[in-house]
Structures are given as structure tokens and as C-alpha cells.
Amino acid sequence: MKKLLFLILIFSSINFYAQSRGVLGKWNTIDEVTGKALSVVEIYEYNNKIYGKIVEILNPKNRNNTCKDCPGEDFNKPVLGLIIIKGLVKDGSEYNDGKILDPKSGKLYKCYIELESPNKLKVRGYLGISLIGRTQYWERVK
């Protein structure tokens, strides 16, 4: 009985810790076709806004890629280390009013993110209104 109670306490503590971190931390970006992780994005807070930076590229062939079509100061920067989520602000259970950069196309989209579960993040990039866009689901790095 003591062991069961101990296991429940440990599991609850881990679950509470994951929820308390919210969207902050490292997330695997997932390929929608293969379901495999492509990169790791670290989401962090700076000046009361949320940002996300590519901290790892999992395919060795893509590690030295640059953002050839990115606008402004991101033009020709290495994809590794690139800040792709910019300036999100907390609004209820989601973070919005920011942008997300697609390093493959170089396009900048409006963005919102929302925690679906402690280990699953909904990331939506869109043009104009959120109905015209694409949603990805990222998984927390364990």
C-alpha cells in the first residue's frame, strides 16, 4: 500500500511539474507526413513575451542549412539557432499576437500556441484570420 501511495505521489508531482512549466521548455517539431521529429525548438520568455528558437536539427544533412528566403535580419542566417516564434503574449489559455517563421519557405505568419496537454503543444500559423492556416502538434522533449 505504501509503495502504491508513493508511486501515485511521484506521478502526481511529475504531472504537476510538467503543467506548471506550461509552454516553456523544449519541444520536438513533428513532420505531419512521417510523424517523426524534425527539430527541437526551445520556447522561452523574454520581456514578458514568448519566443521559440531552433536548438537542434535532428537530420544531420540539414544541420548546416541557412534561411535563404527569410525576410529582414533572418535572411541567410543558419536555421540552427534561428528564432522562429516571435513575441507571443498570454491571452487566457493561449499565447497569440506574435509571428512564426517557416524557415523552409521564409514566410512569416501570425501565430498562436496552446497547450493541449502537458506534453502536447498546438502551434497554429495563419494569414489574416486563424481559419486560413495550418496547425502542427509538437511534443515536449522528455
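Two strands pair if DSSP finds at least two bridges between them, and strands themselves are DSSP runs (E, at least two residues), numbered from the N terminus. The model shown here is predicted, and local features need pLDDT of at least 70, side-chain atom pairs count only at pLDDT 80 or more, while totals for chains, interfaces and linings use all residues. Residues are numbered from 1 along each chain as its sequence is written, and side-chain values use heavy atoms, with hydrogens and water left out.

With these terms in hand, we can begin at β7. A hairpin of two residues leads from β6 to β7, and β6, which covers residues 107-117, pairs with β7 in the antiparallel sense over seven bridges; within this pairing, Lys 110 stands opposite Tyr 126 of β7. On β8, β7 again pairs in the antiparallel sense over seven bridges, where Leu 121 has Trp 138 as its bridge partner. Because six of its seven residues are buried (under 20% relative accessible area, with a 1.4 Å probe and protein chains only), β7 is largely enclosed by the rest of the structure.

The hairpin of β7 and β8 has six residues between the strands, and there Gly 128 takes a positive phi near 70 degrees. Leu 131 lies in the loop between β7 (120-126) and β8 (133-140), and it counts as exposed (over 50%) because its relative accessibility is 72%.

Elsewhere, the structure holds one disulfide, a pair of cysteine sulfur atoms within 2.5 Å, which joins Cys 67 to Cys 70 with an S to S distance of 1.4 Å. Cys 67 counts as buried, at 0% relative accessibility, and Cys 70 is buried at 4%.

Key
Helices (H or I, at least four residues) and strands (E, at least two) are DSSP runs, numbered from the N terminus.
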